[in-house]
Amino acid sequence: MSSSSSLPGSGSLLSTTNTKVIDSHLHVWGSMLKDSQQFPYPDGKEPPESLQEVASTEKLLEQMAAAKVDGALIVQPINYLYDHSYVANAIRSHPTKFKGMLLHDPTMTTKVPQEAVDRLEELALQGFVGVRFNPYLWPDGIQMSEPNGSGLAVYKRCAELHMPVGVMCFKGLELHYEDILALISSSPDTVLILDHLAFTGLDDRGDQTFQQCLLPLAKFPNVVIKISALFRVAGPGSDPYPYEGVRKRRFDPLLKAFGADRLMFGTDFPFVLEQENAYKGAVNIVQSWISSDKDKAMIMGGTAERLFGPWDS
């Protein structure tokens, strides 16, 4: 493993601007030893053993301080399913550091859609500023854009509330492409975010999806891409840190197609802790890819503040 001092971006690369650095994608959960009574996990949803004691709010703040990250958008972790109390507590305890992205409950598809909208509005009052759609939580055969479904009702309401919707295409963007187009068509004013470079891996399938699905989405002005979880796109062993393949084959074309104001940096903490150079390395490497101070300011924090509001210091 290379030492951090020999890698691109090992210094404080945003020192030429006063713009905040905002981590737009990470998760937190309570310590199994200290917090599991107050914030219990549903059966079978406990975090991986290796990450059970390193993903608390306090541990995250330590990582952020060391990497000079000013604020973060906490995405509700699957480990708590639809119980948002731990993340809400983090936001309440550190309002200048954290905002939240709630996890939509698609089981409400079979109920009155207004119930899902009411829940959205309730969590918006608790510091949640965006919504995550995980298509793999929808019942079999039901689309995110299902007519008269709760997902579509929430998606449309998000435009009125100025709350972006993030979609996690873990198994491949191409599997959800038509569904995503239907969402965009149904509510063009809703901001749609694709997590982790839309999971377009550095293989033949990923290359094809990148060219045929992801880049064409640039024509929709409210589609935004998270430059996050680079290790997931790189794949095991094929493009190790500092991820030159991800930069050349994904980041550079995305910057050209979407522009810096529609890209935003994220780490995917705590999972990034198990990668080479860990949290600080993930921050530094994205900064090192951006030559323009203006573009750097947008990608490293400006886009997040444009979409989710300012992180007050």
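Which residue follows helix 4, and what is the sign of its phi? Helix 4 is followed by H162, whose phi is positive, near 55 degrees. This is a predicted model, in which local features need pLDDT of at least 70 and side-chain atom pairs count only at pLDDT 80 or more, while totals for chains, interfaces and linings use all residues. Residues are numbered from 1 along each chain as its sequence is written, and side-chain values use heavy atoms, with hydrogens and water left out.

**Helix 4**

- Helix 4 covers residues 150–161; helices here are DSSP runs of H or I with at least four residues, strands are E runs of at least two, and both are numbered from the N terminus.
- The end C-alpha atoms of helix 4 are 16 Å apart, which agrees with the expected 16 Å for twelve residues at 1.5 Å a residue (the expected span is 1.5 Å times one less than the number of residues).
- S150, G151, L152, V154, Y155, C158 and A159 are the buried residues of this helix, where buried means under 20% relative accessible area, exposed over 50% and partly exposed in between, with a 1.4 Å probe and protein chains only.
- Among the elements covering those buried residues are helix 3 (113–124), strand 4 (128–133), strand 5 (165–167), helix 5 (177–186) and strand 6 (192–194).

**M168**

- You will find M168 in the loop between strand 5 and helix 5, and it counts as buried because its relative accessibility is 13%.
- Beyond its neighbours within four places in sequence, M168 is in contact (heavy atoms within 4.5 Å) with R132, F133, N134, P135, Y136, D195 and F199.
- M168 and H196 are 28 residues apart along the chain, and their C-alpha atoms are separated by 8.0 Å.

**Pocket and cavity**

- The largest pocket holds about 320 Å³ of space.
- Its lining has 17 residues, of which H27, I78, R132, M168 and F271 are the closest to the centre.
- On a 1 Å grid over the protein atoms alone, a pocket is an open set of points with protein on both sides within 12 Å along at least five of seven lines, a cavity is a set where a 1.4 Å probe fits but cannot get out, and lining residues have an atom within 4 Å of a point.
- By class, the pocket lining has eight nonpolar, six polar and three charged residues.
- The structure has one cavity of 30 Å³ or more, and the largest cavity has a volume of about 80 Å³.
- Helix 7 (230–234) and helix 9 (278–288) each supply at least two residues of the lining of the largest cavity.

Key
Grid points are joined across faces, edges and corners, and a volume is the space filled by probe spheres set on the points. Ala, Val, Leu, Ile, Met, Phe, Trp, Tyr, Cys and Pro count as nonpolar, Asp, Glu, Lys and Arg as charged, and the others, Gly among them, as polar.
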